[in-house]
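Trainee: Could you take me through one part of this model closely, choosing a single element and describing how its neighbours pack against it?

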Amino acid sequence: MGNVAVVGAQWGDEGKGKIVDWLSERADVIARFQGGHNAGHTLVVDGKVYKLSLLPSGIVRPGKLSVIGNGVVLDPWALLAEIGRLAELGVEVTPKNLMIAENTPLILPLHQDLDRLREEAAGAAKIGTTGRGIGPAYEDKVGRRTVRVADLGDEATLDTRLDRLFAHHDALRRGLGAPPFDRDELRAKLIEVAPRILPFAGPVWRTLETKRRQGRRILFEGAQGALLDIDFGTYPYVTSSNTLAGMAAAGTGMGPGAVGFVLAIVKAYTTRVGEGPFPAELTDEIGQRLGERGHEFGTVTGRKRRCGWFDAVLVRQTCTTSGAKGIALTKLDVLDGFEELRICVAYELDGQRIDHLPTAAAQQARVKPVYETMKGWSQTTAGARSWADLPAQAIKYVRRIEELIGCPVAMLSTSPEREDTILVTDPFAA
């Protein structure tokens, strides 16, 4: 049995929560490897709804070890609040079922404040961040001035980190016309929160390697989607981390060969939240119908998602950059009842047909979708648990997607309930 990495293949919100939960029951360790509390997973387990942002989805499963890797940026106060919300739902989080990498960088209140200041100053050029400090925290990590989890255990080291951090942020805030941030207050908050965070800290890389040698199954859980990747996404309308499967190794301390099967989560249509290009976007009544039927509102932000037809060009591209061996196709039931469906099979750029999304932002804004039309189906796919339960046209739609993206369907989801899943290939056994 191998390990599995789960990544989103669009702009996030593909339904990773349910798929990761389904897989986590079969895994021994669930490791989150990038992002912060700007991404959310909604799980429905035995009729109970769990909304997670930082904690790996496996945390709701007894007997599993959940891990927050070094590729994540961690807001300690947001983590404790999330642990508290889970406790109210009967889920206990302790150092026995959660480990945080000692070298995980922290998101601090000054990061969130800077995030908001920048967005306000940008005006029409804003990126549409969640304002949760993700980007500034990653900047400080790369700038070698971040406070990491391990630093909470030594006040002398913490002071050195804060000195370097504030030397940068004080100058930055002056340039934005903002008053200095209160260093003493931040230091006091960190010292106060340290005893609640440090018990979870440990050498994640070593623990994962030990589990791997013991033959334990590891599930690497990604957040957001490949089109939000800092390098390969629709830059600059992206997140501040690498969201591709390759980050599963670097974001946990495992070697690339340990990652195993890469499962890309793909929604049967396309959505995105916030600013940025969206070639197959629908601003008409069809787009609105997709949004209403799919309940397309962000788990974390509550923002309404933009909707459009399935874009095979983008998914083919992201399956390649993540090395996907199979996809999990979700929300097929949202397309029930459409007389006609369309799939974006190519783009037109300045009169020429192209088969990928160009890198240049100006060209991304100019591409026009080339559609292929398919007949829809009137029967319901909701709750289907085998191919025999699906209308013939729905099967044709799925098969056509496989052909266009060059990647087979490993799993098919037909409702938010975890049992409503058609398994084609077990990623752990592949």
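Mentor: What follows is a close look at helix α6 and two of its helix partners. This is a predicted model, in which local features need pLDDT of at least 70 and side-chain atom pairs count only at pLDDT 80 or more, whereas totals for chains, interfaces and linings use all residues. Residues are numbered from 1 along each chain as its sequence is written, and side-chain values use heavy atoms, with hydrogens and water left out.

Helix α6 covers residues 183-197, and helix α2, residues 76-88, packs against α6 at an angle of about 45°, the two axes lying 10 Å apart (helices are DSSP runs of H or I, at least four residues; axes are fitted to C-alpha atoms over the stretch in contact, with N-to-C angles from 0 to 180 degrees). That angle makes α2 oblique to α6, oblique being what is left after under 35, over 145 and 65 to 115 degrees. On the α2 side, P76, W77, L79 and L80 meet K189, L190, V193, R196 and I197 of α6 (contact means heavy atoms within 4.5 Å). By class, this contact has 7 nonpolar and 2 charged residues, with no polar ones (Asp, Glu, Lys and Arg count as charged; Ala, Val, Leu, Ile, Met, Phe, Trp, Tyr, Cys and Pro as nonpolar; the others as polar).

Turning to the other partner, helix α5, residues 155-175, has an axis that comes within 11 Å of that of α6 and crosses it at roughly 140°. Here E155, L158, D159, L162, D163 and F166 from α5 meet R183, L186, R187, L190 and I191 from α6, a contact with 6 nonpolar, no polar and 5 charged residues. L190 of α6 therefore deserves a second look on screen, being listed both among the residues that meet α2 and among those that meet α5.

Methods:
Helices (H or I, at least four residues) and strands (E, at least two) are DSSP runs, numbered from the N terminus.
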